[in-house]
Amino acid sequence: MKNKLLYIGLTLLISIAIAGCNYLEKQPDDMKTDDMIWSSRVETEKYLYNVYSQIPAASLQQNDPWLGCSDECDLTWNVYPTYNINLGNWNPSTSFYTKWGNYYRAIRASFVFENNVDKCPELSNDLKTQYKAEAKFLRGFYYWYIIRQYGPAVLITKATQVDEDWNSYSRAPLDECVTYICQMMDEAETGLPLTWNDNKVWLGKPTKVACKAIKAEALLLAASPQWNGNTEYADFKNKDGKLLASTTYDENKWKKAAAAALEVINLSTSAGIKLYKNNENGDGTAFNPYKSVRDAIIKNWNCEVIFGRSQALADQNGWAVHASPGPNNLGGVGPTQRVVDAFYMKNGRTIDDPQSGYVETGFSTAGDDNWNPQNLNLTTDRVKMIAAIRSGDAWGHWPGDWNMYANREPRFYASILYNKRVIPQLTDDVVKRNYYSSNTTAAKQQDGYGRVELYYGGISRSSGSYTFYPRTGYLVLKNVDPQANMRDRVYSTPHCEIFIRYAKILLNYIEALNEYDPNNSDIAKYWNMIRERAGIPGVFDVYPAIKGNKEQQREFILRERQIELCFETDRYFTTRRRWLAHTPDTGNDNDVYRKYGEGGRFWGMNINGGATTTNSFAYTGFYTRTAFETRVFEKKMYLFPIPQTEVEKGTALVQNPWW
């Protein structure tokens with residue numbers, strides 16, 4: 001380097017990103033000199049922490065495309081890029097979620113840090129080793145995020161010079177990128193601890209387990225149909241003719257992905273990482289599947305977290321505001337009917353199974369077994385009942401709920417806020433709860449419980465001075481803390497963002513294993529662990545005929561991912577790496593039950609059906625499957641386009657297919 005080095009601060013990175021600078025150009029060098037940075041422990045650590053700064057939100061962020069552009073969710077607001085992306089109104093010159101430049105600036109900074117940290121006299125040798133390992137992890141992590149979003153990356157594997165000839169840098173094949181990510185994770189692992197449990201100040205830094213988990217994620221992507229034998233990428237080449245995607249299927253890639261996931265599983269045992277269960281983690285009560293699946297997301301740094309980040313309170317609260325119903329909240333993060341239909345019944349069967357007990361229409365005459373476990377009087381014990389709902393002791397459908405939502409599995413109730421359901425994230429003040437209930441002649445529902453009114457004319461259709469509501473007729477409940485008070489926006493204790501949790505690794509393992517060894521006993525072993533925690537029977541206990549059938553098991557494994565990891569960004573990437581996102585809408589009536597496809601009609605409830613009865617929840621017109629949007633999805637949308645400004649600045653850089 002020259003006499004002065006880049007000092008990357010968060011503010012600087014943001015300002016550069018806004019300015020749209022080239023990912024390879026030299027950064028401003030008039031801020032701090034080498035001596036100022038590398039002679040001070042404080043300044044050296046600041047530099048490292050700012051290499052971390054380009055890690056985006058983990059999940060459940062309304063400004064990211066991974067939810068609103070997936071088949072599981074709709075965002076009401078047209079101010080977010082997801083609105084135009086879903087309508088096909090974007091191109092390489094559109095500035096929608098252009099992370100390419102940010103990631104490369106951070107990658108360059110990781111080399112600068114690694115090459116200079118040894119100069120700092122105030123750091124011990126052990127810390128220098130650890131910090132260099134963190135820099136390598138971050139480098140691999142950013143490349144992992146690049147290939148997820150953009151496909152094959154420009155591999156920068158060493159510190160670059162200011163006068164580098166960037167026109168000679170072309171994209172590397174996807175498999176080479178994955179190999180480099182695995183190399184970075186292997187090298188980083190040697191300098192990192194198993195856990196940070198003995199130094200909780202550093203929770204959020206990578207560990208050995210996190211390194212193996214990112215490696216497993218990358219190998220699963222490489223093994224999947226998008227990149228493993230996809231002949232539709234036959235023309236995806238550099239300008240010199242080098243093929244960037246494998247068009248020849250290789251079963252061994254699935255074996256590598258499975259082996260990598262199993263390494264995570266085995267090491268997790270030593271690190272104390274496992275599926276979160278309420279009765280094993282300080283709850284003090286009997287096992288409760290609803291509490292367990294709910295709290296696996298909202299309990300801070302619980303035993304299931306493999307890699308996460310201490311969440312900024314504003315981000316966490318922002319999600320709660322956007323997902324909670326109005327008034328006083330923005331209430332517009334809407335699950336689609338597709339994900340609602342995906343959840344199992346409590347007997348572990350799919351809703352289209354004649355033996356499931358599923359009923360599409362009408363109102364339930366009885367409540368779930370768990371809706372009122374203390375047999376409380378709904379009038380005299382109102383406060384106790386609300387407390388039981390918020391704590392998770394009471395859950396499941398109530399008498400009089402629409403049958404579509406009756407007798408579903410615990411994960412459904414932990415994830416979906418449906419019409420008429422009591423809103424958990426409100427105080428037990430019955431007066432304040434009445435704020436969320438209609439009291440007109442046509443709808444006198446102020447009984448102190450505060451149920452969500454998503455029909456036309458309902459209270460939850462109003463959000464202060466705005467009118468925001470879910471176009472699907474549902475709201476996401478997952479990751480909204482029930483102990484918050486969203487009437488007054490008084491929030492509960494912050495919880496960490498989760499990038500990877502243990503359940504995902506188990507699902508990665510059984511998915512990869514199924515592709516080359518569908519009779520392997522580990523499939524049932526680890527699959528049943530997830531379903532047992534979810535409170536439903538093992539899949540082969542319910543459907544023994546599918547055992548050993550690769551195609552049938554695959555469909556159920558993908559469904560399990562869809563349910564277990566819903567609203568955690570996994571669905572977006574799964575449908576793309578499995579090459580399922582372009583599944584067409586045929587226009588037939590049965591397509592209302594279509595399981596895949598990011599284009600065509602998307603369905604929810606009839607939110608424009610008004611309520612005129614004395615009890616508005618008794619209005620059946622709301623509960624009609626209705627298309628809320630027709631989306632556009634073309635095969636080019638499997639990958640984000642590289643920003644056109646970047647393509648024009650590097651003559652060797654080719655654009656993604658079909659853009």
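Select Tyr-143 and display its surroundings: leaving aside neighbours within four places in sequence, Tyr-143 is in contact (heavy atoms within 4.5 Å) with Tyr-104, Ile-107, Ala-153, Val-154, Leu-155, Ile-156, Tyr-180 and Ile-181. Before going further, note that the model is predicted, that local features need pLDDT of at least 70 and side-chain atom pairs count only at pLDDT 80 or more, while totals for chains, interfaces and linings use all residues. Residues are numbered from 1 along each chain as its sequence is written, and side-chain values use heavy atoms, with hydrogens and water left out.

**The nonpolar cores**

Widen the selection from Tyr-143 to the largest nonpolar core, which has 182 residues, and in which Phe-137, Phe-141, Tyr-143, Ile-306 and Tyr-405 touch the most other members. Such a core is a set of buried Ala, Val, Leu, Ile, Met, Phe, Trp, Tyr and Cys residues joined through side-chain atoms within 4.5 Å; buried stands for under 20% relative accessible area, exposed for over 50%, and partly exposed for what lies in between, with a 1.4 Å probe and protein chains only. Helix 7 (residues 125–150) gives the most to this core, with 14 residues; helices (H or I, at least four residues) and strands (E, at least two) are DSSP runs numbered from the N terminus. A second, separate core of 10 residues can then be coloured on its own, and includes Trp-371, Ile-389, Trp-398 and Tyr-449.

**Helix 14**

Ile-389 leads to helix 14 (residues 382–391), whose buried residues are Met-385, Ile-386, Ala-388, Ile-389 and Arg-390. Show helix 11 (289–298) and helix 16 (430–434) as well, since these are among the elements that cover the buried residues of helix 14. Just after helix 14, Gly-392 takes a positive phi of about 95°.

**Helix 6 and the loop before it**

Next select helix 6 (residues 100–116), whose 17 residues reach 25 Å from the first C-alpha to the last, close to the 24 Å expected at 1.5 Å a residue, the expected span being 1.5 Å times one less than the number of residues. Helix 6 is mostly covered, with 16 of its 17 residues buried. In the loop between helix 5 (81–86) and helix 6, stop at Tyr-97, where phi is near 50°, a positive value in a residue other than glycine. Tyr-97 is buried, with a relative accessible area of 12%.

**The second largest cavity**

Move to the cavities, each being, on a 1 Å grid over the protein atoms alone, a set of points where a 1.4 Å probe fits but cannot get out, with lining residues having an atom within 4 Å of a point. There are 12 cavities of 30 Å³ or more, and the second largest has a volume of about 180 Å³, a volume being the space filled by probe spheres set on the points, which are joined across faces, edges and corners. Of the 18 residues that line the second largest cavity, the closest to its centre are Trp-144, Arg-148, Leu-221, Phe-573 and Arg-577. Helix 7, helix 9 (208–223) and helix 21 (570–577) are the elements that give two or more residues to this lining, and the largest share, 6 residues, comes from helix 21.

**Polar side chains in helices**

Select Ser-268 in helix 10 (residues 252–271), which is buried with a relative accessible area of 0%. A polar atom of the Ser-268 side chain lies 2.7 Å from the backbone oxygen of Val-264, and, leaving aside neighbours within four places in sequence, Ser-268 is in contact with Val-209, Ile-273 and Tyr-502.

Asn-50, in helix 3 (residues 41–52), counts as buried at 15% relative accessibility, and a polar atom of its side chain lies 2.8 Å from the backbone oxygen of Lys-46.

In helix 20 (residues 550–564), select Arg-554, which touches Asn-514, Glu-515 and Arg-578, not counting residues up to four places away in sequence. The side chains of Arg-554 and Glu-515 are joined by a polar contact of 2.8 Å, a term for a pair of N or O atoms within 3.5 Å, where within protein one must be able to donate a hydrogen and the other to accept it, and residues adjacent in sequence count only if both atoms are side-chain atoms. Arg-554 and Asn-514 are 40 residues apart in sequence and 7.0 Å apart in space, C-alpha to C-alpha.

**A last stop in the loops**

Finish at Pro-327, in the loop between helix 12 (313–323) and strand 3 (333–335), where the peptide bond from Gly-326 to Pro-327 is cis, with omega near 0°.

Conventions:
On a 1 Å grid over the protein atoms alone, a cavity is a set of points where a 1.4 Å probe fits but cannot get out, and a pocket is an open set with protein on both sides within 12 Å along at least five of seven lines; lining residues have an atom within 4 Å of a point.
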